[in-house]
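Hi,

Here is the structure I said I would pass on. Have a look at it first, and then read my notes underneath.

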Amino acid sequence: MSEINNRRAAAAGKLSSERIDALLVSHLPNVRYLTGFTGSHAMLLLGRNSATLYTDPRYDLQASAQCDCPVRIAKGPLLTEVVKEIRRRRFRRVGIESERLSYQQGIEFRSALRRQAEIKPVAALVESLRAIKSASERKAIRAAVELNSKAFETVMRRFRPGMTERSLAAEIAFEMRNLGADGEAFPTIVASRAHSALPHAEPRGVRIQSGGFLLVDMGAALNGYASDMTRTMYVGHPGQRAKDLYAAVLEAQLAAIDAVKPGVPAASVDAAARAVLQRRGLGGYFRHSTGHGLGLEIHEMPRLGANCDTLLEPGMAVTIEPGAYVPGFGGVRIEDTVLVTGRGCEILTPTPKELVVLTV
Ligand code: ZN
Ligand code: ZN
């Protein structure tokens, strides 16, 4: 059996415990995971012993080439065809991905089904399978991470006075594509000086000037799989305050990486990073969670946050990215992608983490 076939079998195996005859998979990364289909419009009706992909005529050739399950091309709304199949197979209880299907689709689905079948909301059935990466997925993430680091190093070698945050972000996007990426996994963040205190800053058209941090958060998508890395550099001569801030975040990041082990709750990885920053008087400046899973999407299960009781398992790929953001001064975040192994974790990101000083 192919890997994708095995994934469908694993997902189908969870239908009985949800007490449903079939699951309507509408979230595209889940559809891709279970069929291999990469188009932008599709649904999968997954039964205990059946699977049918629905898409529109634009994807006729692509869907039959990519999928090893039956494909139906719908001339109208996909849900109309899905309902026909539910009637044909006499499914009585159909799960929907309640966090993924729109309210409108939910209403239409219910009215089309009438008394044929009952709809049951199901959360994260496919997403929880996706949290554990297979050998081929681990290889794909590793390749995306390596491409990411290569692009970063190539672009930073070309860093020159007069570059704006936007031009640096554009060069990063270009270089990732040039090295073979599908594209950016998310819009690259480039933030200089006080702007770096915004954890999700948008690059501006302003020149990168001396006298502050330069934060770059970037991800490549390669063969569908994402990488995610943040490095914070200093432009000019860092003073003691900047050096201390950087050292504290690096210490927090290393402590969190040390805490990554199978069987450990995700919250304790977050707690390890937070404890270091609190001890350094910076606890109030760390305002997001320590990391997240990644794979076909940039944010996946598990989340490494304060209240996350998910136990880490070998095969999970997660980011470790504590930060401290001081308004008016600047922010530091250091982010690697790591893989949970049988004993601890492997850091996939090869880019060094000492504070790099640039001159303009
Ligand atoms: Zn990131
Ligand atoms: Zn991230």
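Below is what turned up when I went through it, starting with the metals.

One thing to keep in mind throughout: this is a predicted model.

**The two zincs**

Let me start with the zinc ion (ligand 1). Its protein donors are two OD atoms of Asp217, an OD of Asp228 and an OE of Glu335, lying 2.0 to 2.6 Å from the metal. Along the chain, those donor residues follow the spacing D-x10-D-x106-E. Asp217 belongs to strand E9 (residues 212–218), while Asp228 is in the loop between E11 and E12, 11 residues apart. Both Asp217 and Asp228 are buried.

Why call the site of the zinc ion (ligand 1) irregular? Its 4 donor atoms subtend angles of 55 to 147°, and four donors count as tetrahedral only if all angles lie between 85 and 135 degrees. For reference, the ideal tetrahedral angle for four donors is 109.5 degrees.

Next door is the zinc ion (ligand 2), coordinated at 2.1 Å by Asp228 (OD), His292 (NE2), Glu321 (OE) and Glu335 (OE). The site of the zinc ion (ligand 2) is irregular too, with angles of 78 to 152° among its 4 donor atoms. In sequence, the donors of the zinc ion (ligand 2) read D-x63-H-x28-E-x13-E. Distant parts of the chain are linked here: Asp228 sits in the loop between strand E11 (225–226) and strand E12 (229–235), and His292 is in strand E13 (residues 291–293), 64 residues apart. His292 is buried, as is Asp228.

What bridges the two zinc ions, and how far apart do they lie? Asp228 is the bridge, and the distance between the zinc ion (ligand 1) and the zinc ion (ligand 2) is 3.1 Å.

**The sheet that contains E9**

Strand E9, which carries Asp217, is part of an open sheet of 4 strands in the order E8-E9-E12-E20, with mixed pairing. At the edges are strand E8 (189–192) and strand E20 (357–358), each of which pairs on one side only. E8 runs antiparallel to E9, and 4 bridges join them. One bridge pair to look for is Ala191 with Leu215 in E9. Helix H8 (residues 165–178) packs on this sheet and touches E8 and E9, its direction making about 150° with that of E8.

Gly183 is also worth a click. You will find Gly183 in strand E7 (residues 183–184), and it is buried, with a relative accessible area of 8%. Leaving out residues up to four places away in sequence, Gly183 touches Arg177, Gly219, Ala220 and Ala221. The C-alpha atoms of Gly183 and Ala221 are 5.5 Å apart, although 38 residues separate the two in sequence.

**Towards the N terminus**

Strand E1 (residues 22–25) has Ala22 and Leu24 pointing one way and Leu23 and Val25 the other, and all of them are buried. That fits the usual pattern, in which side chains of a regular strand alternate between the two faces of the sheet. E1 has two partners to look at. With strand E5 (residues 93–97), E1 runs parallel, joined by 3 bridges, and Leu23 has Gly95 as its bridge partner there. With strand E2 (residues 42–47), the pairing is antiparallel over 4 bridges, and Leu24 stands opposite Leu45.

Helix H1 (residues 3–12) packs against helix H2 (residues 28–35) at an angle of about 120°, and their axes are 7 Å apart. The contact brings Ile4, Arg7, Arg8 and Ala11 of H1 up to Tyr33, Leu34 and Thr35 of H2. By type, the residues in the contact of H1 with H2 are 4 nonpolar, 1 polar and 2 charged.

**Backbone oddities**

As you know, most residues other than glycine have a negative phi, and most peptide bonds are trans. Here are some exceptions:

- Met301 and Pro302 are joined by a cis peptide bond, with omega about 0°; Pro302 lies in strand E14 (residues 300–304).
- Arg90 is not a glycine but has a positive phi of about 55°. Arg90 is in the loop between helix H4 (78–89) and E5, and it is exposed, with a relative accessible area of 64%.
- Arg193 has a positive phi too, of about 50°. Arg193 falls in the loop between E8 and E9 and is partly exposed, at a relative accessible area of 33%.

Cheers

Notes: Residues numbered from 1 in each chain as written. Chains lettered and ligands numbered in written order. Predicted model: local features only at pLDDT ≥ 70, side-chain atom pairs only at ≥ 80, totals over all residues. Heavy atoms only, no water. Donors = N, O, S within 2.8 Å, 3.2 Å for Na, K, Ca; no water. Tetrahedral: all angles 85-135°; square planar, octahedral: opposite > 155°, others 65-115°. Helix = DSSP H or I, 4+ residues; strand = E, 2+ residues; numbered from the N terminus. Buried < 20%, exposed > 50% of the residue type's maximum accessible area, 1.4 Å probe, protein only. Pairing = 2+ DSSP bridges. Axes fitted to C-alpha atoms, helices over the stretch in contact; angles between N-to-C directions. Contact = heavy atoms within 4.5 Å. Nonpolar A, V, L, I, M, F, W, Y, C, P; charged D, E, K, R; others polar.
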